[in-house]
Amino acid sequence: MASPLMSLGQDDNRYQKSFQLFLERSSEHQCMQDFIHRQLPEILASIGDGKSHLNVIGVGSGAGTIDLEMLSVLRLKHPAVTVDNEVVEPSSQQLHNYRVSVAQKPELDYVKFTWNKMTAGEFEEAWKVKKLTKRADFIHMIQMLYYVKDPGATIGFFQSLLDKNGKLLIILVSGESGWGRLWRTYRHQLCNTEISQCVTTGDIKSFLASTGVSYQSYELPSQMDITECFTEGDEKGELLLDFLTEVLDFSKTASPELRAGVLELLRHPDCSVESDGKVLFNNNLGVIVIDPLC
Ligand code: SAH
C-alpha cells in the first residue's frame, strides 16, 4: 500500500542536510574507517591475480570520502598498479563534491576516474546495451542497496562483473541494529517501497543463503546520538527524525499516534541505550563480501 507520507528522498536538499547531521551525530564513518584499516587490507590483498591494472566500481559513492579511503588501502596493498575507477552516483551534487575532493589530491594520479551520473539500474542497462566485457576486481556498494528496486538482482548483476579473485563489498545497516528493529515494526507505515526500502544485511544474508552464494561477513559496532529527537520543536532533532524515518518533515506530517509510537520505540532498549543523559541509537553496520560466480 502506498504511504501517504512524503519520502525524504524527494527533497534532495533536506536529505543532504539530514545525512550530514547523521554523519556528525554518529560513528558511521569512523566504524567504516576502522573496518577499512583493520579488515579490508587483507581482503584487497587477495584481488587482482597479479595484474598491473585494476578495475574498481563504486556504486552509490556519495561524496567519495569512503571510496577514497579504500583506494588508498588498495594502493598500499598493490603499490605498482594503475586503477580504473568507475563512479556510479545519481546525485549531481554528490558527484560534484567527489570530483572536488579528487581534484585536491594529486597523489591520486594512478587512478583514472570515470564519472557516471546515474543509478545502479541505469548503469546496468548501459553496460548491457554496450555489451561491455570488461571485468572488475573490486566493486563496492556502501549504504546504497536501499535505493534499488530489487537488491538481489542488483547484487547478481554486479557479482557477474567480477573478474577472477574479484570481490563485491556490501555495507548496510545490520539486521541486529536499531534500524532493523524500527523497520520490522514500522516498515509499512514508513518506507516508501517505490524509492527506498528497509533492507538490512540480515535480509541480504538470507537471500544469499537461499541462492547458494557463499560470503564472508563482519559486524561493525556503531552508535548515533538521537537525544535531540526527544526535544519537541528542536530543528536538529527533526532533521534526525526525518533521516531515521526517511519521511520528509516527519514530525509535522505523521499522525500523532505514529509519531508517539516511533519516538517510544526509538528510546526502547531494543533500539537504544541511555547513558549520561544521552540516547544512543544502535547504528551497527554489517559488511558482506562476495566472491565471483565462477
Ligand atoms: N557510500 C556513501 C554514500 C551513501 S548514501 C557513504 O557511505 O557515505 C547513498 C548514496 O546512494 C547517495 O549518494 C545516493 O545519491 C546514492 N543513490 C541513491 N539511489 C541510487 C541508485 N539507485 N543507484 C546508485 N546510487 C544511488
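How far is an oxygen atom of the ligand from an N or O atom in the side chain of E89? In this predicted model, the separation between the ligand oxygen atom and the side-chain N or O atom of E89 is 2.6 Å. The ligand is surrounded by 16 residues, and the closest are H29, G60, E89, A120 and I142. Backbone atoms also take part in the polar contacts of the ligand: a nitrogen atom of the ligand lies 2.8 Å from a backbone N or O atom of A120, and a polar backbone atom of Y147 is found 3.4 Å from a ligand nitrogen atom.

H29, one of the residues closest to the ligand, also belongs to the part of helix α2 that meets helix α4. Helix α2 (residues 28-38) packs against helix α4 (residues 65-77) at an angle of about 15°, and the two axes are 10 Å apart; α2 is therefore roughly parallel to α4. The crossing of these two helices is right-handed. On the α2 side the contact comprises H29, M32, Q33, I36 and H37, which meet T65, I66, E69, M70 and V73 of α4. By residue class, this contact divides into five nonpolar residues, four polar residues and one charged residue.

A second helix pair is formed by α8 (residues 178-190) and α10 (residues 235-245), which pack at an angle of about 80° with their axes 10 Å apart, so that α8 is roughly perpendicular to α10. Here W179, L182, W183 and L190 of α8 meet F243, L244 and T245 of α10, and the residues of the contact comprise six nonpolar, one polar and no charged.

Definitions and conventions
Residues numbered from 1 in each chain as written. Predicted model: local features only at pLDDT ≥ 70, side-chain atom pairs only at ≥ 80, totals over all residues. Heavy atoms only, no water. Axes fitted to C-alpha atoms, helices over the stretch in contact; angles between N-to-C directions. Helix = DSSP H or I, 4+ residues; strand = E, 2+ residues; numbered from the N terminus. Parallel < 35°, antiparallel > 145°, perpendicular 65-115°, else oblique. Left-handed = near helix turned anticlockwise from the far one by under 90°. Contact = heavy atoms within 4.5 Å. Nonpolar A, V, L, I, M, F, W, Y, C, P; charged D, E, K, R; others polar. Near = heavy atom within 4 Å. Polar contact = N/O pair within 3.5 Å; in protein donor to acceptor, adjacent residues only side chain to side chain.
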